[in-house]
Amino acid sequence: MIKGLLIAGNPSLLFSALCTEAAKRTEKYAAACIPRGGEATLLDTPAKQINLDWNPANPISARTIILSAANKMEPVDKVILACVPPVYRRTVEGFSPAELDRFTDNNIKGWFFLVRELAALFTARGFGSLSFVLSEVQAGSRDETPDLLGPSAAAAFRSFAQGVLNSSLNESCDVMGFSSSEPGEETAFAAYVFKILEEGRRNSGKWHRHGKFGIFGR
């Protein structure tokens, strides 16, 4: 049974699917969801889930959720970061400076602050598991207003994850990347992520893709 698990990410079907899967495989686990619109996001969560408040813009908040998770269950050993890029279908002039700041906080800075704290923890301890889970589903049609920011969030997350995969952190703990571009497959994707996690270190240092043409590591 998986212990010491923290799941952090955007409010989404994938985030919920990962939490549902975690409830099947743990006695309890912690979850931190990026606030939607600057306000805390309330989720319909399993009874085993410990909900933690997370302010992605605040580096102290990253440390706080790790300490809170450890205090409420046990030392954090496994962390899943789930990115489902938000969709912004508006013209350029439709964005306010405040929205752009919030986008950067939630989709770039927040991941960095959290991974920085985890890297220090896992390096000092000598073990740990960090998984980057990315949804690359393309929503909408050509007739709709283009999504100006969502693809940037996905690209930033993937690039950051690849950098961590290539870093020295991979020598002291398991680091894995997961991606899927299949719409409506959140439940199957979440189950796949946990399957690979439970198989252990031999899957570390790789991207693992879930899709209709097969499931494979790369």
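## Close-ups of salt bridges and helix H6

**View 1. Lysine 24 and its partner in helix H1.** At 58% relative accessibility, lysine 24 counts as exposed, because the cut-off for that word is over 50%. Keep in mind that you're looking at a predicted model. The partner here is glutamate 21, which forms a salt bridge with lysine 24. Their closest N and O atoms are 3.6 Å apart. So is glutamate 21 buried or exposed? Glutamate 21 is buried, since its relative accessible area is just 7% and buried means under 20%. Both residues sit in helix H1, which runs over residues 13-25. They're three residues apart, or about one turn of the helix. Why does that spacing suit a pair? An α-helix has 3.6 residues a turn, so residues three or four places apart point the same way.

**View 2. A salt bridge between distant parts of the chain.** Arginine 209 pairs up with glutamate 136 in a salt bridge, with 3.1 Å between the closest N and O atoms. These two come from distant parts of the chain, 73 residues apart. Arginine 209 belongs to strand E7 (residues 207-211), while glutamate 136 lies in the loop between strand E5 (129-135) and helix H4 (150-165). How accessible is arginine 209? It has 18% relative accessibility and counts as buried. Glutamate 136, with a relative accessible area of 22%, is partly exposed. Side chains of opposite charge can pair when their charged atoms come close.

**View 3. Lysine 195 and glutamate 199 in helix H6.** This salt bridge has its closest N and O atoms 2.8 Å apart. The two residues are four places apart in helix H6, again about one turn. Lysine 195 is partly exposed at 44% relative accessibility. Glutamate 199 is partly exposed too, with a relative accessible area of 29%. Elsewhere, salt bridges that share partners tie Glu21, Lys24, Arg25 and Glu198 into one network. How many salt bridges are there by this rule? The count is nine.

**View 4. Helix H6 from start to finish.** H6 covers residues 186-199, which makes 14 residues. From its first C-alpha to its last, the helix reaches 20 Å, close to the 20 Å expected at 1.5 Å a residue. Which residues of H6 are buried? They are Phe189, Ala190, Tyr192, Val193, Phe194, Ile196 and Leu197. Right after the helix comes glycine 200, whose phi is positive, near 95 degrees.

Key
Residues are numbered from 1 along each chain as its sequence is written. This is a predicted model: local features need pLDDT of at least 70, side-chain atom pairs count only at pLDDT 80 or more; totals for chains, interfaces and linings use all residues. Side-chain values use heavy atoms; hydrogens and water are left out. The expected span of a helix is 1.5 Å times one less than its number of residues. Buried means under 20% relative accessible area, exposed over 50%, partly exposed in between (1.4 Å probe, protein chains only). A salt bridge is a side-chain nitrogen of Lys or Arg within 4 Å of a carboxyl oxygen of Asp or Glu.
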